[in-house]
Amino acid sequence: EAEFGEYDMGIPKYVFSASKSVTALAIGMLIDEGRLSADEKLIDIFAQKLNPISKLKLRDITVETLLTMKSCVVFNELGSMTVTNWQETFINSSIRGNINKDFNYNSLNTYMLAAIIKKKTGKTVCEYLAPRLFEPLDIQNYYWEKSPEGIEKGGWGLYIRPEDFAKIAIMVQDGGVWHDKRLISS
C-alpha cells in the first residue's frame with residue numbers, strides 16, 4: 001500500500017495505464033448490455049466524423065482492435081498536449097503496420113474506447129460506471145482527467161484509492177462477481 005510519510009491511503013492515487021483496465025471493463029459492460037459489439041467498426045460508430053479517405057484507411061478497425069492495441073495508428077502520446085480534438089487526431093493519423101495483426105502500444109486506442117462509451121451512452125466513463133461498478137463496490141472517492149473534448153482520457157488519468165482499485169481487481173479475479181452479485185460477465 002506504500003502508506004508512509006505524507007502518503008494517506010484515503011486519498012486517491014494516480015494509477016497511470018492501469019486506467020485502461022477500467023475503460024475495458026466499461027466496454028465489456030456495454031457489450032453485456034447489448035449496446036455494443038466487439039466486432040463493431042470504428043467507421044460505423046463515428047461515421048459523421050470521417051471523410052472518405054479516413055473511412056478507407058480505418059475500415060478494419062473494430063472495438064476489439066482498439067482493446068488489443070492493433071489499430072497501427074501512429075500517435076505520439078506527448079502530442080496529445082498540443083491538440084484539442086483527440087478523436088480527429090486519431091482519425092487523421094497515419095497507419096504503420098498491419099491493422100489487427102501488429103501490436104502497437106498507444107493510449108489513444110483506449111481514449112477512442114472512452115469516446116465510444118460517450119457516443120453510445122451519452123455519458124462519460126465515470127457517469128456510466130457509477131451505478132454499474134463504483135457504487136456496487138462502494139467506491140466513492142475517484143477522479144478521472146478529461147481531454148479537451150470533455151471525455152475521460154481512458155488510457156490514463158484515473159485517480160482512485162489503492163483499496164478501491166483492489167476491489168475492482170478482486171471482482172475481476174472472481175469472474176465479474178462482487179459479494180454474490182454479478183457486475184460483468186466472466
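**Close-up views of a predicted model**

**View 1. Lys70 and its surroundings in the loop between α4 and α5.** At 26% relative accessibility, Lys70 counts as partly exposed, a class that lies between buried (under 20% relative accessible area) and exposed (over 50%), with a 1.4 Å probe and protein chains only as cover. This is a predicted model, in which local features need pLDDT of at least 70 and side-chain atom pairs count only at pLDDT 80 or more, while totals for chains, interfaces and linings use all residues. Residues are numbered from 1 along each chain as its sequence is written, and side-chain values use heavy atoms, with hydrogens and water left out. The flanking helices are α4 (63–67) and α5 (86–92); here helices are DSSP runs of H or I with at least four residues, strands are runs of E with at least two, and both are numbered from the N terminus. When neighbours within four places in sequence are set aside, Lys70 is in contact with Thr65, Asn98, Ile99, Asn100, Lys101, Asp102 and Phe103, contact meaning heavy atoms within 4.5 Å. By comparison, Phe4, 66 residues away along the chain, has its C-alpha atom 40 Å from that of Lys70.

**View 2. Helix α7 and the elements that cover it.** Helix α7 spans residues 125–134, and because 7 of its 10 residues are buried, the helix is largely enclosed by the rest of the structure. The buried residues of α7 are Val125, Cys126, Tyr128, Leu129, Ala130, Leu133 and Phe134. Their cover includes the helices α1 (19–32), α6 (107–121) and α8 (162–173), together with strand β2.

**View 3. Ser147 in the loop between β2 and β3.** The loop that holds Ser147 runs between β2 (142–144) and β3 (158–160). Ser147 has a relative accessibility of 6% and therefore counts as buried. Apart from neighbours within four places in sequence, the residues in contact with Ser147 are Trp86, Tyr111 and Lys153.

**View 4. Two residues with positive phi, Asp138 and His179.** Asp138, which is not a glycine, has a positive phi of about 55° and is placed in the loop between α7 and β2. With a relative accessible area of 46%, Asp138 is partly exposed. His179 is likewise not a glycine and has a positive phi of about 45°; its loop lies between β4 (177–178) and β5 (181–182), and at 67% relative accessibility His179 counts as exposed.

**View 5. Cysteines Cys72 and Cys126.** Cys72 is buried, with a relative accessible area of 1%, and Cys126 also counts as buried, at 13% relative accessibility. If a disulfide is taken as a pair of cysteine sulfur atoms within 2.5 Å, the count comes to 0 disulfides.

**View 6. The chain as the setting for these close-ups.** The chain has 8 helices and 5 strands, and from the N terminus on its elements run β-α-α-α-α-α-α-α-β-β-α-β-β. Its radius of gyration, taken over C-alpha atoms, is 17 Å, which agrees with the value near 16 Å for a compact globule of 186 residues under the rule of 2.2 Å times the number of residues to the power 0.38. Along the principal axes, the C-alpha atoms fill a box of roughly 50 × 35 × 30 Å. Buried residues make up 44% of the 186 residues, and of the contacts between residues at least 6 apart in sequence, 68% join residues at least 24 apart.
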